[in-house]
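Biologist: I am new to this structure and would love a friendly tour. Could you take my questions in turn and show how each conclusion is reached?

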Amino acid sequence: MAGGNPFGAETKIKTAGGEFTIFRLGKLIEDGIGHIEKLPYSIRVLLEACLRNVDGFVVNESDVTKLAAWDAKNVARDEIPFKPGRVVLQDFTGVPAVVDLAALRSAMVRMGGDPQKINPLVPCDLVIDHSVQVDEFATRFALEHNVQREFERNQERYQFLRWGQQAFENFRVIPPATGIVHQVNLEYLAKVVLTRDGVAFPDSLVGTDSHTTMINGLGVVGWGVGGIEAEAVMLGQPIYMLTPEVVGFKLSGKLPEGTTATDLVLTVTQMLRAHGVVGKFVEYFGPGLQQMSLPDRATLANMAPEYGATMGFFPVDDETLAYLRRTGRTDAEVDLVERYYKEQGMFHTAESADPVFTSTLELDLSTVVSSMAGPKRPQDRILLTNMKQQWRKDLAETFGKSAPSAPVTVQDNGSSSQITDGAIVISAITSCTNTSNPSVMLAAGLLARKARAKGLNRQPWVKTSLAPGSRVVTEYLEKSGLNEDLDALGFQTVGYGCTTCIGNSGPLPTAVSEAVTEGDLVVSAVLSGNRNFEGRINQQVKANYLASPPLVVAYAIAGTTDIDLSKDSLGKDSDGNDVFLKDIWPSQKEITDTIASSLDAEMFATQYAHAADGPPEWQAISGAEGNLFAWDEKSTYVQEPPFFVDMPVEPPPIASINGARCLVSVADSVTTDHISPAGAIKPDAPAGLYLQAEGVPVSEFNSYGSRRGNDRVMTRGTFANIRLRNQLAPGTEGGVTTYLPTDEQMSIYDASLKYKESGTPLVVLAGAEYGTGSSRDWAAKGTYLLGIRAVIAVSYERIHRSNLVGMGVLPLEFQTGESRDALGLDGTETFDIALTDDIKPGQDVEVTATKADGSTVKFTTRCRIDTPVEVEYYRNGGILHKVLRDLAAS
């Protein structure tokens, strides 16, 4: 790495861990290059990466000088190459990434190349956290039995990952039952400063999960990308990005008594969504930073995808160092971080001058109040005091019920209860967003203790669960004794993973499920997660609300969202007196004292000392060996994807798309969950029918997320979300379309086969914010495999647009003020898209839509291939096709 830097920026620093070379930003200041002292801290990290990696080929001197001259008020949209220091993956996205790497090796052999060229060149950590489901709950055996079922369901996937662990260098697997990837990253994997070949540099990463941004709370630059883009980084490719705008978010004051970091992040999410930060960095600054714990910062950073930003960044400061010490990092590691960031002028203090930002917002933390968000989007914040009236409004306006349904009886072990609309059937403390934060986790335990002391309990129809983000959480809950109180209210630990937050909530109890169906009830879930999109949490639950962990416990006691917790009684104590939320809500002093007495650095050091070992079930798995994976045609979990099969050595020229038909036409805010669901597979859906034809019983279907290594399942599951509303099949929900040549309604997958038989290319018509949500590469892969060659949308979310290009699907954007409706398009037209081989980023693309009567609508779209490198990706049919051709040629 070191040696020969054209800027002469190399120097040495001495630390407790030894001497290291660094690439000093101060050299640029001395040479009058740019105005580094005014740059946002996040831009300085990107600048250091460019400075360190200048080679005159991938990174040029001009990349450094342009970024050093970043003008906050007039950001030049230059393309910059960014080489992250590492990659993190979770198993839902990680398995298909490893499948692709294995497929690239097979393709390399077919092309006469060396398969060993397909090997990660930067450190990669895959944390298995997405596979455990809440099958059993509210029993002391829940964790044991759920882990057992996890290994029964996923044995084949785990064998495949064991193969990958031995086949690839720089590739480590953190086994199941350890924790959630982002919390493990925060507490263990992240170093804040990396070292390689004697060079020290800022820790940075990309991850195959949108909530990779949680690490921004630790001062580490990183964000979520699709698996396709992450694989390119693994193989030595930079991330090519346009120089971002940076929105400064000034924090002042201090959170008031009775509020939590969850309330804060829901407030910030609403503010930033309204401001508009898609494709931008958000950087927090101001005196409020001095009052914020690092877990609170991580909570804000975690939800950057929900407010739409690429990142939500906090600079390194004294709290960063204190957190590193609290979580068991060594003195040498902490000393390196402090010395490095101070030497680089990147260490934030109360006296530091504020950077210059593109735009700014401000929030006085003292104005934050208890809040929730729902019933379908995380940016739709509801004040706790307004929750009851908002629920009733949503029941009528969102869910179309002018009056509550008649109560339905739920039988429960000989007793019975009655529920109606608004009944809470899932109450889950879940997700990295909140389980990484001791203040809200211990607040939940303290509230449970106070409720238990007054004789309160959860309602019998509520499925309760606690899924800590790491085993450290269990240790401090046990040390405080609060685990017993949570257990008593049904919040036994069900697993160490994402669980309910990603749709692994498991089935509702049979009696509850039957009651919901019988009464056609609109029932609710309350969870401490980050997403509540339609069809995500549970297929029977239509209303989903995000809340802090203590509120999750409180709502489990209440059993309904048709309640005002600010003034309505939660229940009666043992003397028959009303108990209100304020009676059991813990004070900030109680929470702070409990943290002080329950957490220490030794917990983190002990729990992570053997993180790579895993439970006995993991250790007992024997994976295949060798450099090439032996594909099994009978496997329903892992198949060689068709992307590189019969791939020509040279790509064909880019040409127009003619005679295309619309397969899917959707409105605004269609998420990657809508496009590629992660949850349950319906038996009568194309994917369910395929699995049954392969001899898989319905009880062993597992989930879409767990079968992402098999394109045959995932292509059939594309656009199969039960809440998808395809305007080509009005009045339906789910993966249904109209096959236009015969006007027949059928599954989207079956229609795609018919179009494929006739050689008809396909398009998608969409509204605004198309592809919001998870960094789900299968949302793009499945789109491509259905035969869709272009998407025409009002606007895109960042990751999905990138993924479409990465799969060779053309993203087009309507001109400002135009849309499908404004142009009078109903999706029944035939589309001709005019392209030439010399396509340019952002150019105008003419589209002609021909109606059945022969009349035409001509309109101009903007090509959302944003950079010259993306043009090359599109030309080659995708990122990995380009990488494979380059490696084979070399």
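**How do we know?**

Modeller: Happily! This is a predicted model, and its chain has 31 helices and 34 strands.

Biologist: What makes the chain agree with a compact globule?

Modeller: A globule's expected radius of gyration is 2.2 Å times the number of residues to the power 0.38. With 890 residues, that rule gives a value near 29 Å; the chain has 26 Å, so the two agree. Along its principal axes, the C-alpha trace spans about 80 × 75 × 55 Å.

Biologist: How many of the residues count as buried, and by what cut-off?

Modeller: Buried means under 20% relative accessible area. By that test, 62% of the 890 residues count as buried. The accessible surface of the chain comes to about 29,800 Å², and carbon and sulfur atoms hold 47% of that.

Biologist: What share of the contacts joins residues 24 or more positions apart?

Modeller: Counting contacts with a separation of 6 or more, such pairs account for 76%. A contact here means heavy atoms within 4.5 Å.

Biologist: Which strands form the closed barrel?

Modeller: Its 7 strands run β26-β29-β30-β31-β34-β33-β32, with mixed pairing. From one strand to the next, the twist averages 40°.

Biologist: Why are β29 and β30 called paired?

Modeller: Pairing needs at least two bridges between two strands. Strand β29 (residues 762-765) and strand β30 (residues 788-793) have 4 bridges, in the parallel sense, so they count as paired. As an example to look for, L765 has I792 in β30 as its bridge partner.

Technical notes. Residues are numbered from 1 along each chain as its sequence is written. This is a predicted model: local features need pLDDT of at least 70, side-chain atom pairs count only at pLDDT 80 or more; totals for chains, interfaces and linings use all residues. Side-chain values use heavy atoms; hydrogens and water are left out. Helices (H or I, at least four residues) and strands (E, at least two) are DSSP runs, numbered from the N terminus. Axes are lines fitted to C-alpha atoms, for helices over the stretch in contact, and angles run from 0 to 180 degrees between N-to-C directions. Buried means under 20% relative accessible area, exposed over 50%, partly exposed in between (1.4 Å probe, protein chains only). Accessible areas come from the Shrake-Rupley method with a 1.4 Å probe; for residues, only the protein chains shown count as cover.
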